[in-house]
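The following exchange asks on what grounds certain labels are applied to a protein model. Each reply sets a value against its criterion.

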Amino acid sequence: MRIELYQHYTGSAAEQVVGTCEVSDAPAAQARRLFDERGRKVAFTEPVPLADGSSRHVLDLLRELAAWGVHVDWRASGSPADWAQFSHLPPPTSADGSVDLGAWRAGFFPGKCVFREGPGFIQIRDRRRGALDCYTVDEPALMSAIRELSGGAEPRSCEPDAVEQFLEHGLLVRAGQLQWWAPARGRRWPVP
């Protein structure tokens, strides 16, 4: 999928495309590179299918760009029945199917589903269901799986027990043919 890069946020009189590229299979590195290149808005040129396994890298990039504070302009398609699994992503400009865009826009806030790594642990905070679910992971196999998944790895290439635990807690989203790591890498922790 092709993306367009802008150096200004929405509403700028000087808004113009300063570059285009394809979504890579290394979303964390690509998001950082786009941010370092002074990209402050990214527009996805095609609708993003929310229940299609082929959209995993696109969703990874959306998640990572939002963590960097980059404005993303995107459209959702193929909406799964449980669209709230994706509600920590910035709301799309349009969506088909059962997605309630009004509820998505009203309930969105940065840092809704994030993780951070500390010395010997990874902490995950998930507010997609309304209440705060907080997980502290210190098992090496689970920490390794988190690092792999957040870096764009295919879930089937990770430790099966870890994948099953992440699916059980909703941290690994299953929608149609898609299995996707949901928590974003926290750039700034909201609580001092």
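Q: Why is cysteine 158 not counted as part of a disulfide?
A: In this predicted model, the closest cysteine sulfur to that of cysteine 158 belongs to cysteine 113 and is 17 Å away. A disulfide requires two cysteine sulfur atoms within 2.5 Å, so the separation of 17 Å is too far for a bond.

Q: How many disulfides does this rule give?
A: The count comes to zero.

Q: What makes cysteine 158 buried or exposed?
A: The relative accessible area of cysteine 158 is 6%. Buried means under 20%, and cysteine 158 is therefore buried.

Q: Why is cysteine 21 called buried?
A: Cysteine 21 has a relative accessible area of 19%. Because the term applies under 20%, cysteine 21 counts as buried.

Q: Why is glutamate 164 called partly exposed?
A: Its relative accessibility is 48%. Buried ends at 20% and exposed begins over 50%, with partly exposed in between; glutamate 164 therefore counts as partly exposed.

Q: Where is glutamate 164 found, and which surface patch does it help to form?
A: Glutamate 164 is found in helix α5, which covers residues 160-168. Together with Glu159, Asp161 and Glu168, Glu164 forms a negative surface patch.

Q: What makes arginine 38 exposed?
A: Arginine 38 has a relative accessible area of 53%. Exposed means over 50%, so arginine 38 is exposed. This arginine lies in the loop between α1 (27-36) and β3 (41-44). Although not a glycine, arginine 38 has a positive phi of about 70°.

Technical notes:
Residues numbered from 1 in each chain as written. Predicted model: local features only at pLDDT ≥ 70, side-chain atom pairs only at ≥ 80, totals over all residues. Heavy atoms only, no water. Patch = residues over 30% accessible without salt bridge, like charges linked within 9 Å, V, L, I, M, F, W, Y side chains within 5 Å. Areas by Shrake-Rupley, 256 points an atom, 1.4 Å probe, with all protein chains shown as cover. Salt bridge = Lys/Arg side-chain N within 4 Å of Asp/Glu carboxyl O. Lys, Arg positive; Asp, Glu negative; His and termini not counted. Charge placed at Lys NZ, Arg CZ, Asp CG, Glu CD. Helix = DSSP H or I, 4+ residues; strand = E, 2+ residues; numbered from the N terminus. Buried < 20%, exposed > 50% of the residue type's maximum accessible area, 1.4 Å probe, protein only.
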